[in-house]
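Hi,

Here is the structure I promised to pass on. Have a look at it first, and then read my notes underneath.

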Amino acid sequence: MSSHEQQDGPLGDLEAELLALGDLLDVPAPPPADTVAAAVRARLTQPPTESPDPAGAPDAGAPDAGAPDAAGEGRHPVPDPAHGPDSLRHRPPARRPAGRPARRRVRWRVAVAVVLAAVAVTAATPQGRAAVARILRFAGIELEITGTPPRPVTTTAPLPGERAVAPSELPGLARFEVRTPARLGPPSAASVSDGGRVVSMFWPGGVRLDQFDGEMEPYFFKQLGPPFPEYVDSVGGVEGWWIGGEHPLGYLRRTDGTAVPLRQAAPTLIWSSRGVNLRLEGVRTAREAVAVAASLR
Amino acid sequence: MDDDEAIARSLDGDLAAYEVLVARYSALAHRTAYMLGAGNEAEDVVQEAFVKAFRHLPGFRRGAPFRPWLLRIVANETHNLTRSRGRRAELALRLGAEADERAPDDPEGAAVATDRRGRLLAAVRRLPERERQAVVCRYFLQLTEAETAQVLDCPVGTVKSSTHRGLARLREEVGNELA
């Protein structure tokens, strides 16, 4: 390389030393190549994609090829949350290649069986996250994918520290740039929660948009059974997940990761944009939700 | 089947051909992800990168080398991973056990060598990110300057200068003496 030519001996020696050092570094053995290949292939083929065109195939998570489903009710593709539209992507804590031991699956099933709070405690530790394999993270939201529909939440609770504010006050109260979807017009109400980390706007008909700090660990968690979230790929500049059914929604308290149940949420689009995570709830169809998302100003 | 053919077939939807590519480059991708800071999540990053690479394959310039193109995706995924956690990409590198086992007939010399390697590695870890990445790509991953430029998404000139500055800093920190 050039510095070899430009420099005298010692620097060249340093380069040789670095090359030798590289060979001595302790890098964990990669998983077997055919295992990786099979896992990748499984992810490329398993999603219930609307497009058979491989180039347009949305990401879908590893369906644990090679291991029977823990609950024996068939496999479910796991959505891949890693491809948010910006650099602040969240990824699932543990995606297993095909053929990993079934041990984690059992623990996962146990975890699914326990109540909300316990799941949150499990998820609060790195080990727990690894064990609860189907907790996925995307756009600051943890998605807990279970094989059976979760029990609906019948109560409603506000976000931590939530207070109503005038929509016009929002920009000064949030820790990030607040935007409004032009398509919905001005919101009829607004609130700020958790010290400005979450901003919510409301429109008539149960439509709400939550915007929250994208730099942090997940804020919300959702429990999802079938049908599984639908990947929305770059429609109008939005790449995210559409959760078409009602589902329990909770909040992860920043201080200790405690899961706070909030309410049964309506269909929701989740995505992230410019370092801010967003969830739009209450719009009826994915297409309309994406149109709203694309109209953020 | 060479890369070009595998890519052409993959573009036609032949997943078996893509599997060949994945198998061919998975170990290098893993090493790259690990060394660029993915640490224990290198496996996830690699799987993600291959899935993403497949999706972006239609945009791959035919005839170009696949290796640096893929490694750039690996580097991006690694970057996203570390950034999404809001932390600096730690260089989770350690000296392997075999580094201590050389020259068993010269324990003192071996100890000195080990010490120097440890200091050099620590100095690499402390480099500013840009320089560290250039040094890791050039020496630990043994990529060419052109490959490094592609992987790090910067001009070759930047790779040259980052590497040069990084080497100068390392030299300053650990000196020139060879163990």
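Two strands count as paired if DSSP finds at least two bridges between them. Helices (H or I, at least four residues) and strands (E, at least two) are themselves DSSP runs, numbered from the N terminus.

A word on the source: this is a predicted model, where local features need pLDDT of at least 70, side-chain atom pairs count only at pLDDT 80 or more, and totals for chains, interfaces and linings use all residues. Residues are numbered from 1 along each chain as its sequence is written, while chains are lettered from A and ligands numbered from 1 in the order in which they are written.

How sure is the predictor? For the complex it gives an ipTM of 0.85 and a pTM of 0.46. Chain B has a mean pLDDT (the predictor's confidence in each residue, from 0 to 100) of 83, and 82% of its residues reach 70 or more.

Let's start with chain A, which has eight helices and 13 strands. I call a residue buried if 20 or more other C-beta atoms lie within 10 Å of its own, exposed if 12 or fewer, and partly exposed in between, with C-beta atoms placed from the backbone. By that rule, 44% of the 297 residues in chain A are buried.

Try finding strand E6 (residues 207-213) of chain A. Seven of its seven residues are buried, so E6(A) is largely enclosed by the rest of the structure. Strand E5 (residues 198-203) of chain A pairs with E6(A) in the antiparallel sense, over six bridges, and A:Val199 stands opposite A:Gln211. Three residues lie between the strands of this hairpin, where A:Gly205 takes a positive phi near 90°. E6(A) is also joined by six bridges to strand E13 (residues 276-281) of chain A, again antiparallel; there A:Asp213 has A:Val276 as its bridge partner.

Now for chain B, which has eight helices and zero strands. Buried residues make up 43% of its 179 residues. Two residues are in contact if their C-beta atoms, placed from the backbone, lie within 7 Å. Among the chain B contacts with a separation of 6 or more, 61% are between residues 24 or more positions apart.

Why call helix H3 (residues 42-56) of chain B enclosed? Twelve of its 15 residues are buried, so the rest of the structure largely encloses H3(B). Its length works out too: the expected span is 1.5 Å times one less than the number of residues, which gives 21 Å for H3(B), and the end C-alpha atoms are 20 Å apart, which agrees.

Next, cores. A nonpolar core is a set of buried Ala, Val, Leu, Ile, Met, Phe, Trp, Tyr and Cys residues joined through C-beta atoms within 7 Å. The largest one has 56 residues, of which B:Ala33, B:Val46, B:Ala49, B:Leu70 and B:Val74 touch the most other members. Helix H2 (residues 15-38) of chain B supplies the largest share, eleven residues. Apart from this core lies another, of 30 residues, including A:Met201 and A:Val207.

One last residue to click on is B:Leu71, in helix H4 (residues 66-84) of chain B. B:Leu71 is buried, with 27 other C-beta atoms within 10 Å. Leaving out residues up to four places away in sequence, B:Leu71 touches B:Ala29, B:Thr32 and B:Val151. B:Gln150 is 79 residues from B:Leu71 along the chain, yet their C-alpha atoms are separated by 8.5 Å.

Cheers
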